[in-house]
Amino acid sequence: EHTVGLGSGFIVSEDGYVVTNNHVVEKAENVIVTLDGGKEYKAKVVGTDPKTDIAVLKVDADNLTPLPLGDSDSVRVGEWVIAAGNPFGLRSPITAGIVSATGRTGVGIIDQGYEDFIQTDAAINPGNSGGALVDLDGRLVGINTAIYSQTGGSVGIGFAIPANMARVVADAGVSGGEIVRPWFGAKMQAVTADIAASLGMSAPHGALITEVAPGGPAERAGFRSGDVIVSVDGQRV
């Protein structure tokens, strides 16, 4: 049986590199990239990262127009964004909405250690996966990846991988390099109201260290079980 899947993507270089979701091309025998004007290219998958659900493709083309990359760390709740893609196979429609939340974790879509989604109410539907989420200046701020839905269609809760995370994977795919990830060397859990009260904290926030790997970076830096990390580089946890 021959099965055909559909997704979206965006161009990141003039010489034919394209970024999409890993789940769009995973296990595919053949990948075809269709540009907005209808021209088709056979694509080669040159890099995949299942942990973040990002894949890099290469097509044999020149003088393409890449999508400018924005700074997803500067995205704020309430900011207007536009989602582009191929929902239900309808070519190139766009939808608009706002950023509903940033730093959304615990969604269960990708490896939990790498979930850091931008949540938006811009309509995202099946076929939008891998498509661009852009700001009003047309700069990429996220990759539309998944939705929360009980019907299969958009109910206003969509999730996008931040552009800054995608940039790391895309750069590795384009250069042919590997993705090297840091290791902290400790297990943590969210500080609940009960934990905060037992520790004398005024409010529940931060990450409680529950286990430290012997000889790991966290132990060498002086972290111990029972410590609470309340901020990292000035950013509240």
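In the hairpin formed by strand 3 and strand 4, five residues lie between the two strands, and Gly38 takes a positive phi near 100°. The strands and helices named here are DSSP runs numbered from the N terminus, with at least four residues of H or I for a helix and at least two of E for a strand. The model is a predicted one, in which local features need pLDDT of at least 70 and side-chain atom pairs count only at pLDDT 80 or more, while totals for chains, interfaces and linings use all residues. Residues are numbered from 1 along each chain as its sequence is written, and side-chain values use heavy atoms, with hydrogens and water left out.

The two strands of this hairpin, strand 3 and strand 4 (residues 40-49), pair in the antiparallel sense over four bridges, where pairing requires that DSSP finds at least two bridges between two strands. Within that pairing, Val33 has Tyr41 of strand 4 as its bridge partner. The side chains of strand 3 (residues 31-34) alternate, so that Val31 and Val33 point to one face and are buried, whereas Ile32 and Thr34 point to the other face and are not; buried here means under 20% relative accessible area, exposed means over 50%, and partly exposed covers the values in between, with a 1.4 Å probe and protein chains only.

Strand 3 and strand 4 belong to an open sheet of five strands, which has the order 1-2-5-4-3 and antiparallel pairing. Its edge strands are strand 1 (10-11) and strand 3, each of which pairs on one side only. Further into the order, strand 2 (residues 17-21) runs antiparallel to strand 5 (residues 54-59) and is joined to it by five bridges, with Val18 standing opposite Leu57 of strand 5. In general, strands of a sheet pair through backbone hydrogen bonds, either parallel or antiparallel.

Two loops that adjoin strand 5 each hold a residue with a positive phi that is not a glycine. Asp53, in the loop between strand 4 and strand 5, has a positive phi of about 60°, and Asp53 counts as buried because its relative accessible area is 7%. Asn63, in the loop between strand 5 and strand 6, likewise has a positive phi, near 60°, but Asn63 counts as exposed because its relative accessible area is 70%.

Beyond that second loop comes the barrel, in which six strands close in the order 6-7-8-11-10-9 with antiparallel pairing. From one strand to the next, the twist averages 45°; axes are lines fitted to C-alpha atoms, for helices over the stretch in contact, and angles run from 0 to 180 degrees between N-to-C directions. One of the pairings in this barrel joins strand 8 (residues 117-120) to strand 11 (residues 158-162), which run antiparallel and share three bridges, and Thr120 stands opposite Gly158 of strand 11.

Strand 6 (residues 80-84) includes Trp80, which counts as partly exposed because its relative accessibility is 49%. Leaving aside neighbours within four places in sequence, Trp80 is in contact (heavy atoms within 4.5 Å) with Ala96, Gly97, Ile98, Asp135 and Leu136. Of these, Gly97 is 17 residues from Trp80 in sequence, and their C-alpha atoms are 5.7 Å apart. Ala84 also lies in strand 6 and counts as partly exposed because its relative accessible area is 27%. With the same neighbours set aside, the contacts of Ala84 are Pro93, Ile94, Asn128, Gly131, Ala132 and Asn144. Ala84 and Ser8 are 76 residues apart along the chain, and their C-alpha atoms are separated by 8.2 Å.

Helix 2 lies against strands of both the sheet and the barrel. Helix 2 (residues 163-175) lies across strand 10 (140-147) and strand 11, running at about 50° to strand 11, and it also lies across strand 2, strand 4 and strand 5, running at about 40° to strand 5.

Taken as a whole, the protein chain has four helices and 16 strands, and its C-alpha atoms fill a box of roughly 60 × 40 × 40 Å along the principal axes. Buried residues make up 38% of its 237 residues. Among contacts with a separation of 6 or more, 53% are between residues 24 or more positions apart.
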